[in-house]
Amino acid sequence: MRANHSGQSPIHAGSAASYAVGFVLSLVLTAIAFGLVMTGALSHGALVFVILACAVAQIVVQLRYFLHLDRSEAMYWNLMSLLFTFFIIFLFVGGSIWIMYSMHDRM
Amino acid sequence: MTATEAILSQHDPARDPARDLARAPAHAHDAEDVRTLGFWLYLMSDLVIFAGLFATYVVLSRNFAGGPTPKDLFDLPYVLTETAFLLCASVVYGLGLIAARNGERPKLLLCLTASFLLGLCFVSMEIGEFALMIREGAGPDRSGFLSGFFTLVGTHGAHVCFGMLWMAVMMVQTLSKGLTAPVRGRLMRLGLFWHFLDIVWIALFSVVYLLGVI
């Protein structure tokens with residue numbers, strides 16, 4: 001955060017163009033996911049993969065184009081805290097699902 | 001400074017912070033930057049709350065107790081419309097932030113109003129969906145799956161409601177105080193919150209609705 005002394009305003013919004021790019025990419029990724037599920041064009045396993053891939057891609061798009069998260073010095077702590085949170089979430093969600101499904105199978 | 005020190009300081013952006021503070025003029029927005037980072041850390045803790053609710057939902061998602069399943073309950077075109085409203089609310093707010101940065105107050109107020117109304121459409125549709133499910137006997141008390149569903153989706157909806165409340169407060173502050181540094185800082189943090197809620201919704205419609213019906 002220290003590095004950002006150049007602007008006159010605490011607002012670090014991107015340009016209208018970056019919002020437009022993020023908007024179009026989000027629309028396309030949402031349309032792919034909903035379209036494939038509604039038409040039922042793929043097998044079950046392939047659908048699960050495509051839905052999750054579209055979700056991850058859209059999250060990355062919105063972090064990049066709406067939250068303006070990048071590898072700049074100004075965003076260093078934002079990015080580090082986000083990566084740490086993802087690690088915690090991985091333990092939380094992955095661990096819960098692993099343990100509970102394993103118990104379910106044993107009962 | 002010796003040549004070695006010069007090279008070291010060039011390669012280490014985190015060099016002596018006290019020296020940097022002494023050199024930098026004291027801008028009012030430095031405090032706003034610190035507040036924005038603090039708010040970001042709150043968002044990260046909120047993300048952990050959502051992760052816990054996601055884990056609970058996924059664990060309970062096949063416990064129907066003989067009741068309705070996602071295939072019986074979820075209407076994908078309806079959810080797609082909700083998704084479109086929330087995405088548009090997020091983008092319109094971003095355009096409002098650009099207007100705020102450029103000091104264009106009327107344009108900012110227009111964007112805030114539009115974003116508020118799009119958020120209202122989203123929340124109204126969600127309340128309509130909940131009300132219909134409860135009338136059909138598929139309330140949160142029907143099965144483990146429905147308890148998890150209402151807790152997760154309802155928590156997100158409550159966040160959107162608080163975002164709208166905050167947005168209404170910012171409309172009043174923009175009118176009464178003008179675009180002062182603290183008001184701009186608050187608009188920036190509300191933007192983070194609002195975009196963050198759209199990101200949580202991506203995970204939500206993918207995991208709950210799309211993976212639910214296939």
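In the predicted model, Ser90(B) lies in helix 5 of chain B, an element that covers residues 76-101. Ser90(B) has a relative accessible area of 0% and is therefore counted as buried, the cut-off for that class being under 20%. When its neighbours within four places in sequence are left aside, Ser90(B) is in contact with Trp194(B), His195(B) and Asp198(B), and also with Phe66(A). The surroundings of Ser90(B) thus include residues of chain B as well as a residue of chain A.

The chain that holds Ser90(B) was examined next. Chain B contains eight helices and zero strands, and its elements, read from the N terminus, follow the order α-α-α-α-α-α-α-α. Of its 214 residues, 53% count as buried. Among the contacts in chain B that link residues at least 6 apart in sequence, 80% are between residues at least 24 apart. The area exposed by chain B is about 9,300 Å², and carbon and sulfur atoms supply 68% of this area.

Chain A likewise has zero strands, with three helices, and from the N terminus its elements run α-α-α. Chain A has 107 residues, of which 36% count as buried. For contacts in chain A between residues at least 6 apart in sequence, the share that joins residues at least 24 apart is 61%. Chain A exposes about 6,300 Å², with 74% supplied by carbon and sulfur atoms.

The interface of the two chains was then considered. The contact draws on 51 residues of chain A and 51 residues of chain B. The size of an interface is often expressed as the accessible area that is lost when the parts come together. Between them, chain A and chain B bury about 4,700 Å², and 79% of this area is on carbon and sulfur atoms. Zero salt bridges are found across the interface of chain A and chain B, whereas four residue pairs are found in polar contact, both residues of each pair being at pLDDT 80 or more. On the side of chain A that touches chain B, the elements that give two or more residues are helix 1 (16-39), helix 2 (44-65) and helix 3 (76-106) of chain A. Of these, helix 3 of chain A gives the most, with 14 residues. By residue class, this side of chain A comprises 32 nonpolar, 17 polar and two charged residues.

Conventions: Residues numbered from 1 in each chain as written. Chains lettered and ligands numbered in written order. Predicted model: local features only at pLDDT ≥ 70, side-chain atom pairs only at ≥ 80, totals over all residues. Heavy atoms only, no water. Contact = heavy atoms within 4.5 Å. Buried area = accessible area lost by both parts, 1.4 Å probe. Salt bridge = Lys/Arg side-chain N within 4 Å of Asp/Glu carboxyl O. Polar contact = N/O pair within 3.5 Å; in protein donor to acceptor, adjacent residues only side chain to side chain. Helix = DSSP H or I, 4+ residues; strand = E, 2+ residues; numbered from the N terminus. Nonpolar A, V, L, I, M, F, W, Y, C, P; charged D, E, K, R; others polar. Buried < 20%, exposed > 50% of the residue type's maximum accessible area, 1.4 Å probe, protein only. Areas by Shrake-Rupley, 256 points an atom, 1.4 Å probe, with all protein chains shown as cover.
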